[in-house]
Amino acid sequence: MALKILIVNGPNLNMLGTREPEIYGTKTLADIERACAEKAESLGIGIDFRQSNCEGEIVSWIQQARSSCNAVIINPAAYSHTSVAILDALLACGLPVIEVHLSNIFRRDEFRRHSFVSQAADGIVCGLGEQGYLLALEAAASLLSKE
Ligand code: DQA
């Protein structure tokens, strides 16, 4: 069966395109989903691309991924900086995890410099906008090919 990667987007990422474009750019989440779908096709893998504003829903999706997906790419958005629940779900799922941020979280507010989620991440891409998702897909495909 073809490999499948869950791509999870956290709160307010549904607002991309109009949300602080000077920080997050003008691409919408739908644009990013399209670019991910194209990249995934070129890598011969499937994706399940989702967004939620609710922490518990994200936790449930990660739990379900354990039996339906081979890796997780996650932009936890603001939950990066607050959520032990998402960290624990990622640690429990036993899948490779790549964390993505559109902006460079180390060049912004002090509170954004710490991500709870990073403790569960095999790798982190930040500051490269949409391209970060595409690099994360390449990295996840490469990790899975070594398994
Ligand atoms: C973000 C960075 C977070 O600090 C912020 O809360 C977001 C988006 C990013 O993609 O740059 O919502 O994860």
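Start at L102 and show its backbone: an N or O atom there lies 2.7 Å from an oxygen atom of the ligand. Keep in mind as you click around that this is a predicted model.

Next, select S103 and turn on its side chain. An N or O atom in that side chain is 2.6 Å from an oxygen atom of the ligand. Then jump back along the chain to R19, where a side-chain N or O atom sits 2.9 Å from a ligand oxygen. Now put a surface on the ligand: on its own it exposes 320 Å², and the protein buries 99% of that.

Time to bring up the whole shell. Select R19, Y24, N75, A77, A78, H81, H101, L102, S103, I105, R108 and R112, the residues around the ligand. Colour them by type and you get five nonpolar, four polar and three charged residues.

Now hide the ligand and look at the space it leaves. What is that space? It's the largest pocket, with about 180 Å³ of space in it. The lining is made of 16 residues, and the closest to the pocket's centre are R19, Y24, A77, R108 and R112. Colour the lining by type too: seven nonpolar, five polar and four charged.

For a last view, bring the ligand back and keep R19 on screen. R19 belongs to the shell around the ligand, has a side-chain N or O atom 2.9 Å from a ligand oxygen, and is among the lining residues closest to the centre of the largest pocket.

Conventions: Residues numbered from 1 in each chain as written. Predicted model: local features only at pLDDT ≥ 70, side-chain atom pairs only at ≥ 80, totals over all residues. Heavy atoms only, no water. Near = heavy atom within 4 Å. Polar contact = N/O pair within 3.5 Å; in protein donor to acceptor, adjacent residues only side chain to side chain. Areas by Shrake-Rupley, 256 points an atom, 1.4 Å probe, with all protein chains shown as cover. 1 Å grid on protein atoms, 1.4 Å probe; cavity = no way out; pocket = protein on both sides within 12 Å on 5 of 7 lines; lining within 4 Å. Sits in = over half its atoms within 2 Å of the grid points. Nonpolar A, V, L, I, M, F, W, Y, C, P; charged D, E, K, R; others polar. Points joined across faces, edges and corners; volume = space filled by probe spheres on them.
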